[in-house]
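Let's take a walk through a protein model together. Have the sequence and the 3D view open, and follow along at your own pace.

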Amino acid sequence: IGDVVQIDGLEQILWPVHCVQNTRGAALHPALDAARITRFFYKGADPRVDSYSAFFDNGRRKATGLAEYLGQQGATELYICGLATDYCVKYTALDAVELGFRTSVLADACRGVELRRGDVAAAIDQMRRSGVNIITGFPQPAD
């Protein structure tokens, strides 16, 4: 985990297989009201390039179509959460700001990989410096 290789001229981090479409690892939580979901956008379908952002692959060679869809819907403000704070959440938030969306990350609803100690804190700091609003303080569920 975390080894870096070169593929098609881009540095790629080797990760274990995860979030594979149509598997339990990619399933929506059963308590989520999926009836309100109108469209899915897929990333990570090209085995030659990582795809951390929900908007583009890491080489920015292909877009997912999410930005165009959100624009067509009149969206101007995004709230982002998920896995992993220091990779997919960070790159999605940074791209969202660059694309002109007012962007907030719900930090309490995210978790990081933390390949190196401090990666999550550095990601939060980078997002904040780039104009992402970091929201914390949501009530935590009882264990």
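How many bridges join β4 to strand β5? There are 3 of them, and the two strands run parallel. Keep in mind that this is a predicted model. To find β5, look at residues 133-135. Two pairs help you see how the strands line up: L106 stands opposite I135 in β5, and V105 has I134 as its bridge partner there. To get from β4 to β5, the chain passes through helix α3, residues 119-129, in a right-handed β-α-β crossover.

Now turn to β3, which covers residues 77-83. Strand β3 pairs with β4 (residues 102-111) over 6 bridges, again in the parallel sense. Here I80 has V105 of β4 as its bridge partner. Between these two strands the chain goes through helix α2, residues 85-98, and this β-α-β crossover is right-handed too.

Put the strands together and you get an open sheet of 3 strands in the order β3-β4-β5. Because β3 and β5 each have a single partner strand, they stand at the edges, and one side of each has no neighbour in the sheet. On average, neighbouring strands are turned by 25° against each other, ignoring direction. Helix α2 packs on the sheet and touches β3 and β4, with its direction making about 165° with that of β3.

Finally, visit the second largest pocket, which holds about 150 Å³ of space. Its lining includes Y42, K43, D46, F56 and K62. Sorted by type, the lining residues come out as 5 nonpolar, 3 polar and 4 charged.

Key. Residues are numbered from 1 along each chain as its sequence is written. This is a predicted model: local features need pLDDT of at least 70, side-chain atom pairs count only at pLDDT 80 or more; totals for chains, interfaces and linings use all residues. Side-chain values use heavy atoms; hydrogens and water are left out. Two strands pair if DSSP finds at least two bridges between them. Helices (H or I, at least four residues) and strands (E, at least two) are DSSP runs, numbered from the N terminus. A crossover is right-handed if, with the strands pointing away from the viewer, the path from the first strand over the helix to the second runs clockwise. On a 1 Å grid over the protein atoms alone, a cavity is a set of points where a 1.4 Å probe fits but cannot get out, and a pocket is an open set with protein on both sides within 12 Å along at least five of seven lines; lining residues have an atom within 4 Å of a point. Grid points are joined across faces, edges and corners, and a volume is the space filled by probe spheres set on the points. Ala, Val, Leu, Ile, Met, Phe, Trp, Tyr, Cys and Pro count as nonpolar, Asp, Glu, Lys and Arg as charged, and the others, Gly among them, as polar. Axes are lines fitted to C-alpha atoms, for helices over the stretch in contact, and angles run from 0 to 180 degrees between N-to-C directions. Contact means heavy atoms within 4.5 Å.
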